[in-house]
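User: I should like to learn how to read the structural features of a model such as this one. Could the discussion proceed from the sheet to the core and then to the finer details?

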Amino acid sequence: MAARPVSRMLQRVLRSSVRSCSSGAPVTQHRPGEPSQTAVEELSRRRQFLREHAAPFSAFLTDSFGRQHSYLRISLTEKCNLRCQYCMPEEGVPLTPKADLLTTEEILTLARLFVKEGVDKIRLTGGEPLIRPDVVDIVAQLHRLEGLRTIGITTNGINLARLLPQLQKAGLSAINISLDTLVPAKFEFIVRRKGFHKVMEGIHKAIELGYSPVKVNCVVMRGLNEDELLDFVALTEGLPLDVRFIEYMPFDGNKWNFKKMVSYKEMLDTLRQQWPELEKLPEEESSTAKAFKVPGFRGQVSFITSMSEHFCGTCNRLRITADGNLKVCLFGNSEVSLRDHLRAGASEEELLQIIGAAVGRKKRQHAGMFNIAQMKNRPMILIEIGAE
């Protein structure tokens, strides 16, 4: 098993370094607020120990550019109870036969292997993950994995209010809810189904149960919902939401067109006309989102800039599709079947070699905007739904 990242070990060291010395040696006087010489020397010794003894992050999950992949997204199903225009072709998609999808035990076997190698965050996606009958049990089983800090889910929200109390009890720690409009009639046009009020009920249930922030994913499409940007931001005034505006991305069958895409900078300009005081928030190195906040508002807004400003350089994500393929890049069309190797009886070490080889082939960055649009890739429904 790979050691935990050094930064977490160092935090424990830093906390322990404040313990007083009990050797009876004289204590050197120092200025108030400054650490004593003894404490400084002890901290230096501990840091040196960590440098010499801490194991590196798993080589199998580290690519040739030094990116460490600690975040795994697992699709639980290809099925969905909505038909979102940007996600699924209007005519639908041929679904993988059930026998070729990962079983619950296979999902847990792979999750266990990745967590042993250093993955500390797993997000369950789809299709729509909440239509899988054993989703609560899967969350509960994942919650037992030592070293896994975060279990998230990305959902369209239709079944969320009903299932969330059980999911929270099972160990679900983070929620992303897809919502592309605040207008019920427009909602039905975009997703080709009814259900707006169920989604809103799910959002409020998540807030009621203490999730903060509740992330709301909004794919922005010109001529469809870019006129609602200000309305979405206004929601964050009184609610602990992180509204995440996602640049419209190309996938098979969604008829992507450059003219439909509203760029991050254009969206930001629109928001700043209304709220000039909008402030940029600090972000983690591996974050896919550029976060902002209107001073005094309870929540915040973020931008997922996959098209105009990619974040490949700090990518720490891997994906497993519902049929068991490992994708090392959302936009890449290279996949390797972990399902087939599992069912052929591959050992843990053999699986790690296969995973390591795939991660090692990961490119520095995805292709340019126009090249992505021309690249053959799965429809989004067959990869996953939603952002971080």
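**Reading the sheet, the core and the loops**

Analyst: In this predicted model, strand β1 (residues 71-75) and β2 pair in the parallel sense, over five bridges. Within that pairing, Y71 stands opposite K121 in β2.

User: Does anything else relate Y71 and K121, and at what distance from the ring centre does K121 lie?

Analyst: K121 lies over the face of Y71, at 4.5 Å from the ring centre. A charge over a ring appears elsewhere too: the charged end of K290 sits over the ring of Y264, 5.4 Å from its centre.

User: How should one read the sheet as a whole, and in what order do its strands lie?

Analyst: One follows the pairings from strand to strand. Here they give an open sheet of twelve strands with mixed pairing, in the order β7-β8-β9-β6-β5-β4-β3-β2-β1-β10-β11-β12. The edge strands are β7 (279-280) and β12 (335-337), each of which pairs on one side only. The chain has twelve helices in addition to its twelve strands.

User: Which strands pair with β5, and over how many bridges?

Analyst: Strand β4 (residues 174-178) pairs with β5 in the parallel sense over three bridges, and S178 stands opposite N217 in β5. β5 and β6 also pair in the parallel sense, over seven bridges; there V214 stands opposite L241 in β6.

User: Is β5 enclosed or open to solvent, and how many of its residues are buried?

Analyst: The test is relative accessible area, with under 20% counting as buried. Seven of the seven residues of strand β5 (residues 214-220) are buried, so the strand is largely enclosed by the rest of the structure. Both faces are covered: V214, V216, C218 and V220 are buried on one side, and K215, N217 and V219 on the other.

User: How does that compare with the chain as a whole: what share of its residues is buried?

Analyst: Of the 388 residues of the chain, 53% count as buried. The accessible surface comes to about 18,600 Å², and 52% of it belongs to carbon and sulfur atoms. As for the range of the contacts, among those between residues at least 6 apart in sequence, 74% join residues at least 24 apart.

User: How many residues has the largest nonpolar core, and which of them have the most contacts inside it?

Analyst: The largest nonpolar core has 96 residues, and those with the most contacts inside it are F114, I122, L124, L142, L172, F245 and L326. Helix α3 (residues 104-116) gives the most to this core, with seven residues.

User: What does F245 touch?

Analyst: Leaving aside residues up to four places away in sequence, F245 touches C218, V220, L229, F232, V233, M267, L271, V301, S302, F303 and I304. F245 counts as buried, at 0% relative accessibility.

User: How does one read the aromatic pairs, and what geometry do F232 and F245 adopt?

Analyst: One considers the distance between the ring centres and the angle between the planes. The structure holds six aromatic pairs. F232 and F245 form an edge-to-face pair, 6.2 Å centre to centre with 90° between the planes. F232 lies in helix α8 (residues 229-235) and F245 in strand β6 (residues 241-247), so the pair ties together parts that are 13 residues apart in sequence. F232 is buried as well, with a relative accessible area of 0%. Ring pairs link F232, F245, Y264, F292 and F303 into a cluster.

User: Where do cis peptide bonds occur?

Analyst: The value to read is omega. The peptide bond from G126 to G127 is cis, with omega near 10°, and G127 lies in the loop between β2 and α4. A cis peptide bond also joins S212 and P213, where omega is about 0°; P213 lies in the loop between α7 (196-208) and β5.

User: Where does E128 lie, and is E128 buried or exposed?

Analyst: E128 lies in the loop between β2 (121-125) and α4 (135-143). At 2% relative accessibility, E128 counts as buried. Beyond residues up to four places away in sequence, E128 touches T77, K79, C80, N81, T155 and N156. E128 and T154 are 26 residues apart in sequence and 7.9 Å apart in space, C-alpha to C-alpha.

Conventions:
Residues numbered from 1 in each chain as written. Predicted model: local features only at pLDDT ≥ 70, side-chain atom pairs only at ≥ 80, totals over all residues. Heavy atoms only, no water. Helix = DSSP H or I, 4+ residues; strand = E, 2+ residues; numbered from the N terminus. Buried < 20%, exposed > 50% of the residue type's maximum accessible area, 1.4 Å probe, protein only. Contact = heavy atoms within 4.5 Å. Areas by Shrake-Rupley, 256 points an atom, 1.4 Å probe, with all protein chains shown as cover. Core = buried A, V, L, I, M, F, W, Y, C linked by side-chain atoms within 4.5 Å. Phe/Tyr/Trp six-rings, centres within 6.5 Å; stacked < 30°, edge-to-face > 60°. Lys NZ or Arg CZ within 6 Å of the ring centre and 35° of its normal. Pairing = 2+ DSSP bridges.
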